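User: I've got a model open and would like to talk it through with you. Could you walk me through it as I ask?

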Amino acid sequence: MNPMELHEKAMSFSFVAKQARDAGSEEEALKMYETAAQYESDAADYYFDKPELEPTRSILIRSAAFLNLKAGLIEKSE
């Protein structure tokens with residue numbers, strides 16, 4: 001999967017996670033956020049060593065960190 005496809009999948013899982021959290025299903029939300037974080041982290045990894053691709057690089061790295069935080073994966077977000 002290319003980085004754009006990974007990002008799109010991450011955003012889809014993030015949307016489902018928010019809906020689950022809003023519905024009171026915290027366990028399901030955490031699972032969905034974790035999946036979203038993995039996809040977004042994979043997309044961010046592609047850009048990590050490509051500073052010439054700013055601001056996309058920074059946005060994806062920040063997004064991956066945020067999704068890891070939402071999933072409760074503090075160390076991974078760092």
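Analyst: What follows goes through the helices, a buried charged residue and the backbone details, and please keep in mind that this is a predicted model.

User: Let's begin with H1. How many residues does it have, and how far does it reach?

Analyst: H1 has 20 residues and reaches 28 Å from its first C-alpha to its last, close to the 28 Å expected at 1.5 Å a residue.

User: Which residues of H1 are buried?

Analyst: The buried residues of H1 are Pro3, Leu6, Ala10, Ser14, Ala17 and Ala20. They cover an arc of only 120° around the axis, which puts them on the same side of H1. What covers these buried residues includes H2 and H3.

User: And what's on the face turned away from that buried side?

Analyst: That face of H1 carries the exposed residues Met4, Phe15 and Asp22. For Phe15, the relative accessible area is 53%, and its C-alpha lies 9.1 Å from that of Ala36, although the two are 21 residues apart in sequence.

User: What happens at the start of H1, and what comes just after it?

Analyst: At the start of H1, a side-chain oxygen of Asn2 reaches to within 2.9 Å of the backbone nitrogen of Met4. Just after H1, Gly24 takes a positive phi of about 90°.

User: OK, H2 now. Which of its residues are buried, and what do they pack against?

Analyst: In H2, which has 22 residues and reaches 31 Å against an expected 32 Å, the buried residues are Ala29, Met32, Tyr33, Ala36, Ala37, Glu40, Ser41, Ala43, Ala44 and Tyr47. The buried residues of H2 pack against H1 and H3.

User: Glu40 catches my eye in that list. Which side chain of opposite charge is nearest to it, and how far away?

Analyst: The nearest one is Arg62, at 9.1 Å, and Glu40 has no salt bridge although it is buried.

User: Then what does its side chain have a polar contact with, and what else is in contact with Glu40?

Analyst: The side chains of Glu40 and His7 are joined by a polar contact of 2.9 Å. Leaving aside neighbours within four places in sequence, Glu40 is in contact with His7, Ala10, Met11, Leu60, Ser63, Ala64 and Leu67.

User: Moving on to the loop between H2 and H3, where Pro55 is found: what kind of peptide bond joins Glu54 and Pro55?

Analyst: A cis peptide bond joins Glu54 and Pro55, with omega at about 5°. As background, most peptide bonds are trans.

User: Last helix for me is H3. How does its span compare with the expected one?

Analyst: The 15 residues of H3, residues 56–70, should span 21 Å at 1.5 Å a residue, and the end C-alpha atoms are 21 Å apart, which agrees.

User: Which residues of H3 are buried, and where do they fall around the axis?

Analyst: Arg57, Leu60, Ser63, Ala64, Leu67 and Asn68 are the buried residues of H3. Seen down the axis of H3, they fall within an arc of 135°, so they line one face of the helix. In general terms, an α-helix has 3.6 residues a turn, so residues three or four places apart point the same way.

User: What covers that buried set, and what phi does Gly72 take?

Analyst: What covers the buried residues of H3 includes helix H1 (3–22), helix H2 (26–47) and helix H4 (74–77). Gly72, which comes just after H3, takes a positive phi of about 85°.

Terms used: Residues are numbered from 1 along each chain as its sequence is written. This is a predicted model: local features need pLDDT of at least 70, side-chain atom pairs count only at pLDDT 80 or more; totals for chains, interfaces and linings use all residues. Side-chain values use heavy atoms; hydrogens and water are left out. Helices (H or I, at least four residues) and strands (E, at least two) are DSSP runs, numbered from the N terminus. The expected span of a helix is 1.5 Å times one less than its number of residues. Buried means under 20% relative accessible area, exposed over 50%, partly exposed in between (1.4 Å probe, protein chains only). The arc is that of the directions from the helix axis to the C-beta atoms. Contact means heavy atoms within 4.5 Å. Lys and Arg count as positive and Asp and Glu as negative; His and the chain ends are not counted. A salt bridge is a side-chain nitrogen of Lys or Arg within 4 Å of a carboxyl oxygen of Asp or Glu. A polar contact is a pair of N or O atoms within 3.5 Å; within protein, one must be able to donate a hydrogen and the other to accept it, and residues adjacent in sequence count only if both atoms are side-chain atoms.
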